[in-house]
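Colleague: I'd like to learn how to read charged pairs in a model like this one. Could you walk me through it?

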Amino acid sequence: MNARQLTYLTSIFFLFLIPVKAQQRPPAHQMQTATGRSLVSETEREAFAKLVKAEFVHAWNGYKKYAWGHDALKPLSKSYRDWYAHSLYMTPLDGFDTMILMGLEKEKEEAKKLILSELRFDHDMPVQVFEVTIRVLGGLLSAYQLDGDPKFLQLAEDLGQRMLPAFNSPTGMPYRMVNLKTGETDDHLNNPAEIGTLQLEFGLLSKLTGNPVYYDKAKKACTALFEHRSDIGLVGTVINVNTGEWVETGSHISGMIDSYYEYLLKCGLFFDDADYLAMWNASIGPVNQYLLDTAETGLWYSHVDMHTGKRLKTQFGALDAFMPALLALGGDIETAKAVQESCYKMWTTFRIEPEQIDYTKMEILSGYYVLRPENIESATYLYHHTGDRKYFEMGKTMFESIVKYCRTEEAYAELSDVSTMTKTDGLESFFFAETLKYAYLLGNDTTPKGFTNTIFNTEAHPFQKTW
Ligand code: DMJ
């Protein structure tokens, strides 16, 4: 048999073989594992990721056209907003690592050029320590780790130094505001989220610079907060950092407390810090014991008094929806799944989730939607931790409704009211950092070490353990 005949016979053989194999395989949406999970085909995932990437470019182009060099785009008035007297380049910094993960080379280079040529911190202006840490410091650190340019780390170190005076309170817990030039501090009434959500960034800065001061200050602050928990193991909403007295004693997992719990676990895992893991283990038990509430509408986290555990409110919201992601990371998949059902119900009942609902009546308490990521974030975590198609579909549906109701001709806009889907003139930088990134990672996991091995800061900046 000559070579030509051999090729002919081989192709005939494969022509018969391929249809048989194809017939044996059920369509992608019916594919199941031995445990009954439905899977998602790579083609479907890729197509979704491509869609998300295109929407990122759409929103970024709007920022470029109307808000270049400023913190955020105002999508309806086609102008811009800066948080303070000088821009801190929040949108380019928050979006930078998303561009890298999405393979947006041109956009990445233009953002890099802007940040490295314009961003400086020697401004005489008070800034909010927590927000600047999670967005700006976090963005600079992940930019350095993913891009490699040492100028990102120099900027991060400069910023870290300028924020250190915030920790100079009698308790070690930071003041809410610090002046970047003078180091003057302000606002002694702070909350667990703003006190306890600094360690990943300050800790990573220590690891990368070899200067332990950042790690130590942030850890002292968080430990002091933990030590002020009540006898039943809960924290309240507002604490005086000068005296350590609680000013508001409502306990919940919503805004002002949420990411304190997130960082207890993430810092324990990321830094192999046994103290953080111990604080997490001592906290998650009481949180589940006192806050979890089984209602007719599902499983929710409520609001209780930090000292008595007495229920204060049956209120849940867009920010609380981070919890299934955290539970999944902590290994409690079953509670994560049950709470995610509720989060998804909160979304689909109103077509887009409102900021706050009363979960017993499924009634809106606060109807705005500022393009928050938490619900999609949790769907993405559950998808990567279980491989179940159900969570891919949840994330996809949520993303599609954002496109349907929040897309504008040249970018995206927040909603002032989900009952009327009325758009409002804002576009938070976390839409670029988190919402679009988590949606994209649902379809295409481009994180260097894989999604389940990556620790994201609370603004979804992926951090790498390099030590
Ligand atoms: C982000 O800045 C962070 O995720 C923070 O922890 C909570 N709020 C926003 C997103 O909703």
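Colleague: Which side chain meets Asp358 in a salt bridge?

Modeller: Happy to help, and keep in mind that this is a predicted model. Side chains of opposite charge can pair when their charged atoms come close. Here, the partner of Asp358 is Lys361, with 3.7 Å from N to O.

Colleague: Is Asp358 buried or exposed?

Modeller: Asp358 is buried, at a relative accessible area of 11%, whereas Lys361 is exposed, at 53%.

Colleague: Which residues are joined into one network by salt bridges that share partners?

Modeller: That network is made up of Lys108, Glu109, Lys112, Asp147, Asp149 and Lys151. Take one pair from it: the side chains of Asp147 and Lys108 form a salt bridge at 2.8 Å, N to O. Asp147 belongs to helix 5 (residues 129-147) and Lys108 to helix 4 (residues 105-118), so this contact ties together parts 39 residues apart in sequence. Lys108 is buried, its relative accessible area being 11%.

Colleague: How many salt bridges does the structure hold?

Modeller: There are 32 salt bridges. Another one to look at is Lys65 with Glu410, whose side chains meet at 2.8 Å, N to O. Lys65 sits in helix 2 (residues 42-67), while Glu410 is in the loop between helix 15 (389-406) and strand 17 (414-417), so the pair links parts that are 345 residues apart in sequence.

Colleague: And what is the relative accessible area of Lys65?

Modeller: For Lys65 the value is 54%, so this residue counts as exposed.

Key:
Residues numbered from 1 in each chain as written. Predicted model: local features only at pLDDT ≥ 70, side-chain atom pairs only at ≥ 80, totals over all residues. Heavy atoms only, no water. Salt bridge = Lys/Arg side-chain N within 4 Å of Asp/Glu carboxyl O. Helix = DSSP H or I, 4+ residues; strand = E, 2+ residues; numbered from the N terminus. Buried < 20%, exposed > 50% of the residue type's maximum accessible area, 1.4 Å probe, protein only.
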